[in-house]
Structure formats: structure tokens, C-alpha cells
Amino acid sequence: MDLKSKRKELQGVNGAVGLVVGMGGIVGHLYRPDLAVFLMLAIWIVGATLINLLTDPPRRK
């Protein structure tokens, strides 16, 4: 499985992980809500940046 060509799918996984972390803090009370929001945004920003840097851009039609 070549992950370098799976940019769209990896962005979806990144979004889902950020959402789960945020909901765990806000709804699940696993940690403080302000920490949950910070972690959620950090995961989204760092994850999206890494995915864009480490994967190939989509083909132009």
C-alpha cells in the first residue's frame, strides 16, 4: 500500500483523529475543554502540514 498517493484519505484520518481528541475532552471529560480544543487544532494543523509535505500532490487533469 503506497501512502504517498493517498493524500485525500490521510487528510480524512487526520480530521477524524482531531475530532476524537476534541470530543474526548469536551464531551467525554477526559481532560479540560481548553486543552481539548488546543490539542484538536494542533493535530489538525501539524497533521495537515505533514501530510502535504510527505505525500505527492494530486494529478492535474
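Is D56 buried, partly exposed or exposed? In this predicted model, D56 is partly exposed, with a relative accessible area of 37%. The residue sits in the segment after α2. Its partner in a salt bridge is K4. The closest N and O atoms of K4 and D56 are 3.8 Å apart. K4 belongs to the segment before α1, so the pair ties together parts that are 52 residues apart in sequence. K4 is itself partly exposed, at a relative accessible area of 41%.

The structure holds two salt bridges. Besides the pair of K4 and D56, R32 forms a salt bridge with D34. Here the closest N and O atoms are 3.2 Å apart. R32 is exposed, and its relative accessible area is 54%.

R7 presents another picture. This arginine lies in helix α1. R7 is buried, yet no salt bridge is found for it. The nearest side chain of opposite charge belongs to D56, at 6.9 Å. A salt bridge requires a nitrogen and a carboxyl oxygen within 4 Å, so a distance of 6.9 Å does not qualify. D56 does, however, form a salt bridge with K4.

Polar contacts are nevertheless present at R7. Its side chain reaches the backbone oxygen of N52 at 3.2 Å. It also makes a polar contact of 2.9 Å with the side chain of T55. Beyond its neighbours within four places in sequence, R7 is in contact with I51, N52, T55, D56, P57 and P58. Two of these, N52 and T55, are thus the polar partners named above.

T55 lies in the segment after α2. The residue is buried, with a relative accessible area of 9%. Its side chain takes part in the 2.9 Å polar contact with the side chain of R7. The T55 side chain also reaches the backbone oxygen of I51, at 2.5 Å. I51 is also among the residues in contact with R7. When residues up to four places away in sequence are set aside, T55 touches L3, K4, R7 and L10. K4, one of these, is the residue that pairs with D56.

The loop between the two helices was examined next. Helix α1 spans residues 7–26 and α2 spans 33–54, with H29 in the loop between them. H29 is not a glycine, but its phi is positive, at about 55 degrees. H29 is exposed, with a relative accessible area of 63%. G28 is found in the same loop between α1 and α2. At 43% relative accessibility, G28 counts as partly exposed. The C-alpha atoms of G28 and R59 are separated by 40 Å. Along the chain, these two residues are 31 residues apart.

G24 is found in helix α1. This glycine is buried, at a relative accessible area of 13%. Not counting residues up to four places away in sequence, G24 touches H29, L30 and Y31. The contact with H29 links G24 to the loop residue with the positive phi. G24 and V46 are 22 residues apart in sequence. In space, their C-alpha atoms lie 19 Å apart.

V46 also belongs to a nonpolar patch on the surface. The patch is formed by L19, M23, I26, V27, V37, L41, W44, I45, V46, L50, L53 and L54. Together these residues have about 1,100 Å² of accessible area. The elements that give two or more residues to the patch are α1 and α2. The largest share, eight residues, comes from α2. I45 is one of the patch residues. It is placed in helix α2. I45 is exposed, with a relative accessible area of 56%.

Taken together, the chain ends and the helices show distinct sets of features. K4 and D56 pair across parts that are 52 residues apart in sequence. Buried R7 has no salt bridge, but its side chain makes polar contacts with N52 and T55. Both α1 and α2 contribute to the nonpolar patch.

Key. Residues are numbered from 1 along each chain as its sequence is written. This is a predicted model: local features need pLDDT of at least 70, side-chain atom pairs count only at pLDDT 80 or more; totals for chains, interfaces and linings use all residues. Side-chain values use heavy atoms; hydrogens and water are left out. Helices (H or I, at least four residues) and strands (E, at least two) are DSSP runs, numbered from the N terminus. Buried means under 20% relative accessible area, exposed over 50%, partly exposed in between (1.4 Å probe, protein chains only). A polar contact is a pair of N or O atoms within 3.5 Å; within protein, one must be able to donate a hydrogen and the other to accept it, and residues adjacent in sequence count only if both atoms are side-chain atoms. Contact means heavy atoms within 4.5 Å. Patches are made of residues with over 30% relative accessible area and no salt bridge: like charges are joined within 9 Å, nonpolar side chains (Val, Leu, Ile, Met, Phe, Trp, Tyr) within 5 Å. Accessible areas come from the Shrake-Rupley method with a 1.4 Å probe; for residues, only the protein chains shown count as cover. Lys and Arg count as positive and Asp and Glu as negative; His and the chain ends are not counted.
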